[in-house]
Every structure is written in structure tokens, then in C-alpha cells.
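Please open the model in the viewer and keep the sequence panel visible alongside it. The tour below proceeds from the whole chain to single residues.

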Amino acid sequence: MQMNKKYGLTGTEELIMEILWNAQKPMTVKEILDVALYEWDKGWKVQTLNTFLSGLQKMDLVEARREVSCNVYYAICTREQQMHKWTKKIEAEFYDNSIGKFVKLFIGEGRLSEKDADELRKLCE
């Protein structure tokens, strides 16, 4: 797993997911391209976007539905769900599925603040 990915996504995948997460409805390829161009200054080609959408579908992040003359795309998980999935993958791959090892490495040689320790205690109750 590459650590330079945000939520386990490449920069382009993340932008597409941001567009879909912020959308109020499923979007066509043209609508996604328009948002990418006017809000993110990304001049993607249809084929490029379709390739990324296909990859996001294989990752179970996006689904497509056929409408009258074209497909519409929508996120099937929230940003928070993807963050959780990605964090659990890191925990499994790098910390032997041990949240304790994960937290220990996260805090390093230091100590948790009382506030952080209280938050962890509350989560464990």
C-alpha cells in the first residue's frame, strides 16, 4: 500500500470522490467533467474519467445506474466510511490488526495528553 495516498486514493481518485461526495444527486460523466473543469480547473477527457470511474467501481466506492441515455454515478460510501476502511487496512497491513500497536506507534515516545487518554477511555466503554 502506498502511504502517499489520501484515504487510500490517488489525487485524481480523491477529486472524483470529492465531487461525488458533495453531489446532491447521481451525476453523469458530463456533469462530473463540468465540476472538475469549473471548480478544480481539471480538463479531463471522457475516456480518462471513465477509466477512473471504472477503477472506483472495482474498489466498491462508486456505482453506476443506467438512465434514459447515459449512466449516472454516485458514491456508495461516505468520506468517513472510506477513511475508516483505509485506516483498518493500514492497521491490518502494518500493525498486525492491533489497535494497541497502532496507537503506540502513533504516540511514539511521548505520552497521550489527558484529554486524548479520556477520549480513548470513553471509546472503550
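Each stop below names a selection and then describes what is found there. Please note at the outset that this is a predicted model.

**Stop 1: the whole chain**

Display the protein chain as a cartoon. It contains six helices and two strands, and along the sequence these elements follow the order α-α-α-β-β-α-α-α. Switch to C-alpha atoms and orient the view along the principal axes: the atoms fill a box of roughly 55 × 30 × 25 Å. The radius of gyration of the protein chain is 19 Å, whereas a compact globule of 125 residues would have a value near 14 Å.

Next, show the surface. The accessible surface of the protein chain amounts to about 9000 Å², and carbon and sulfur atoms contribute 53% of it. Of the 125 residues, 26% are buried. Among contacts with a sequence separation of 6 or more, 50% link residues that lie 24 or more positions apart.

Colouring by charge completes this stop. The protein chain carries 19 positive and 20 negative charges, and the mean positions of the two sets are 3 Å apart.

**Stop 2: the hairpin**

Select residues 62-66 and 71-75, which are strands β1 and β2. The two strands pair in the antiparallel sense over five bridges, and they form a hairpin with four residues between them. To follow the pairing, select V62 and find A75 of β2 opposite. Then select R66, whose bridge partner in β2 is N71. While side chains are displayed, a general point may help: in a regular strand, side chains alternate between the two faces of the sheet.

**Stop 3: two loop residues with positive phi**

Which loop holds D41? Select the segment between α2 (29-40) and α3 (46-58), where D41 is located. D41 is not a glycine, yet its phi is positive, at about 60 degrees. Is D41 buried or exposed? Its relative accessible area is 64%, so D41 counts as exposed, the cut-off being over 50%.

Continue along the chain to D60, in the loop between α3 and β1. D60 is another residue other than glycine with a positive phi, here near 60 degrees. Its relative accessibility is 53%, and D60 therefore also counts as exposed.

**Stop 4: E31 in helix α2**

Select E31, which is placed in helix α2. E31 counts as partly exposed because its relative accessibility is 28%, and that class lies between the 20% and 50% cut-offs. Which residues does E31 contact, leaving aside neighbours within four places in sequence? The contacts are K25 and P26. Now add V72 to the selection and draw a C-alpha to C-alpha distance: E31 and V72 are 9.3 Å apart in space, although 41 residues separate them in sequence.

**Stop 5: E91 in helix α4**

Finally, select residues 79-95, which form helix α4, and pick out E91 within that helix. Is E91 buried or exposed? Its relative accessibility is 6%, so E91 counts as buried, the cut-off being under 20%. Display the residues around E91: setting aside those up to four places away in sequence, E91 touches D96, N97, S98 and I99.

Key
Residues numbered from 1 in each chain as written. Predicted model: local features only at pLDDT ≥ 70, side-chain atom pairs only at ≥ 80, totals over all residues. Heavy atoms only, no water. Rg over C-alpha atoms; globule rule 2.2 N^0.38 Å. Buried < 20%, exposed > 50% of the residue type's maximum accessible area, 1.4 Å probe, protein only. Contact = heavy atoms within 4.5 Å. Areas by Shrake-Rupley, 256 points an atom, 1.4 Å probe, with all protein chains shown as cover. Lys, Arg positive; Asp, Glu negative; His and termini not counted. Charge placed at Lys NZ, Arg CZ, Asp CG, Glu CD. Pairing = 2+ DSSP bridges.
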